[in-house]
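This briefing covers one protein model. The structure comes next, followed by notes grouped by topic.

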Amino acid sequence: SDVCSSDLIQEARTEQGVACSHNILRLSSGHSEKQLGVELWIDLDMPIGHSAKGRSICLQRSDVQVVHADARRLIARIDNPAWSAWIAVLHAPHSGYTGSTREVWWQETHDIVANFHDEDPLFVLMDANAPPGEKDGHVVFQEGFSSTTSTPLMRAFLQTHGLCLPATCHSCHRGEHGTWIDFRGAKWHCIDHIAVPVSWLCACTHSQVLEEFDLATTQEDHRVIALQLKWSATYAEEIKKGTKRIKNMQGLQNTRITQLLQAHRPVQWEADIEQHLEAFNADIQAALQVHAEEGEAGHRGKKLYFDEEIGRASCRE
């Protein structure tokens with residue numbers, strides 16, 4: 001499998017919402033007084049993998065659900081039969097904000113992610129406004145990265161959620177690390193990151209800053225960082241069976257329909273709408289099928305025209 005093509009956009013200043021054009025799913029967190037706002041773009045035509053028979057596996061729009069969105073954060077749930085995961089898009093406050101403000105923001109981010117995250121892998125796309133810091137062999141795997149007052153806040157978040165930075169690993173990253181140039185245009189800084197679970201580091205086959213990628217900005221600011229993942233997995237593919245048609249609907253009166261609907265017991269309120277719909281459809285289909293079978297039984301002859309004795313006599317004659 002190859003991880004789906006997804007992109008982070010920051011300072012989008014767009015309204016909160018979802019759009020899909022040319023099969024590019026665009027999720028917008030919303031702005032704050034016409035400032036900030038992040039977006040997650042997912043290419044639904046890009047396969048996330050291929051089956052053993054070579055069939056392309058792509059995400060559907062219904063596979064992606066936003067569970068949290070604010071002007072600096074967007075957290076989405078990916079739930080496909082072949083792959084399930086979490087993607088968090090973050091834009092952390094820069095050093096122009098007070099230390100306490102940045103500390104509160106990172107703690108809030110930790111609490112939000114922890115509230116939703118389960119055993120599925122978490123991938124974070126972020127403008128952290130913080131360089132990686134010193135090598136520790138768990139989050140950062142290479143020497144030579146600087147630190148700022150925001151670095152410990154980012155590192156604590158990554159360590160808590162078992163994440164690492166593949167771009168700091170010699171085995172997969174190629175080229176430069178700088179992703180943001182200062183306002184004087186003098187130096188590039190490594191403050192934009194893709195974080196993956198430590199257990200997924202072996203799946204990271206290529207990491208690179210795309211220096212030639214044109215962001216169509218009037219002045220060079222940020223650069224795009226890309227990460228490719230490759231792995232194999234086994235999953236049970238559900239084979240959809242055709243719905244059995246209910247032929248005999250004779251005698252189904254309004255009172256009977258009311259009884260069928262009243263017999264339905266909804267699933268728990270916490271379940272998503274798809275589970276509610278599936279359970280409702282299953283109960284109604286089952287009830288209608290029972291009614292149809294009862295109707296067919298009621299229209300059968302009560303006894304045969306010829307019993308066995310008459311039949312034997314007819315054969316002798």
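The largest nonpolar core has 34 residues, and the members that touch the most others are Leu 40, Ile 42, Trp 83, Val 196 and Trp 200. A nonpolar core is here a set of buried Ala, Val, Leu, Ile, Met, Phe, Trp, Tyr and Cys residues joined through side-chain atoms within 4.5 Å. Buried means under 20% relative accessible area, exposed means over 50%, and partly exposed lies in between, with a 1.4 Å probe and protein chains only. The model is predicted: local features need pLDDT of at least 70, side-chain atom pairs count only at pLDDT 80 or more, and totals for chains, interfaces and linings use all residues. Residues are numbered from 1 along each chain as its sequence is written, and side-chain values use heavy atoms, with hydrogens and water left out.

**Nonpolar cores**

- At least two residues of the largest core come from each of strand 3 (24-28), strand 4, strand 8, strand 9, strand 10, strand 15 (192-197) and strand 17.
- Strand 9 gives the largest share of this core, with 4 residues.
- A second, separate core of 24 residues includes Ile 75, Trp 86, Val 124 and Cys 190.
- Strands (E, at least two residues) and helices (H or I, at least four residues) are DSSP runs, numbered from the N terminus.

**Strands 7, 8 and 9**

- Strand 8 (residues 73-80) is largely enclosed by the rest of the structure, because 7 of its 8 residues are buried.
- Strand 7 (residues 64-70) pairs with strand 8 in the antiparallel sense over 6 bridges; two strands count as paired if DSSP finds at least two bridges between them.
- In this pairing Val 64 lies opposite Ile 78 of strand 8.
- Strands 7 and 8 form a hairpin, with 2 residues between them.
- On to strand 9 (residues 83-91), strand 8 pairs in the antiparallel sense over 8 bridges, and Leu 74 stands opposite Val 89 of strand 9.
- Strand 8 is joined to strand 9 by a hairpin through 2 residues.

**A sheet of three strands**

- Strands in the order 12-16-17 make an open sheet of 3 strands with mixed pairing.
- Its edge strands, each pairing on one side only, are strand 12 (173-174) and strand 17 (224-229).
- Strand 12 and strand 16 (residues 204-210) run parallel and are joined by 2 bridges.
- The bridge partner of His 173 in strand 16 is Ser 207.

**Aromatic residues**

- The count of aromatic pairs is 6. Rings of Phe, Tyr and Trp (its six-membered ring) pair if their centres lie within 6.5 Å; planes under 30 degrees apart count as stacked, over 60 as edge-to-face and the rest as tilted.
- Trp 83 and Phe 123 make a tilted pair, because their ring centres are 6.0 Å apart and their planes are at 50 degrees.
- This pair links distant parts of the chain, with Trp 83 in strand 9 and Phe 123 in strand 10 (residues 122-127), 40 residues apart. Both Trp 83 and Phe 123 are buried.
- Trp 83 also pairs with Trp 231; the ring centres are 5.8 Å apart and the planes at 45 degrees, so this pair is tilted.
- Here the link is between Trp 83 in strand 9 and Trp 231 in the loop between strand 17 and helix 3 (254-263), 148 residues apart. Trp 231 is buried, as is Trp 83.
- One aromatic cluster is formed by Trp 83, Phe 123, Trp 200 and Trp 231.
- The charged end of Arg 223 sits over the ring of Trp 188, 3.6 Å from its centre; this requires NZ of Lys or CZ of Arg within 6 Å of the ring centre and within 35 degrees of the ring normal.

**Trp 41**

- Trp 41 belongs to strand 4 (residues 39-43) and is partly exposed, because its relative accessibility is 30%.
- Its C-alpha lies 6.4 Å from that of Leu 27, and the two residues are 14 apart in sequence.
- The side chains of Trp 41 and Glu 39 share a polar contact of 2.7 Å. A polar contact is a pair of N or O atoms within 3.5 Å; within protein, one must be able to donate a hydrogen and the other to accept it, and residues adjacent in sequence count only if both atoms are side-chain atoms.

**Cysteines**

- The count of disulfides (pairs of cysteine sulfur atoms within 2.5 Å) is 0.
- Cys 202 is in no disulfide, and the nearest cysteine sulfur, that of Cys 204, is 7.9 Å away.
- Cys 202 is exposed, at 72% relative accessibility, whereas Cys 58 is partly exposed, with a relative accessible area of 22%.
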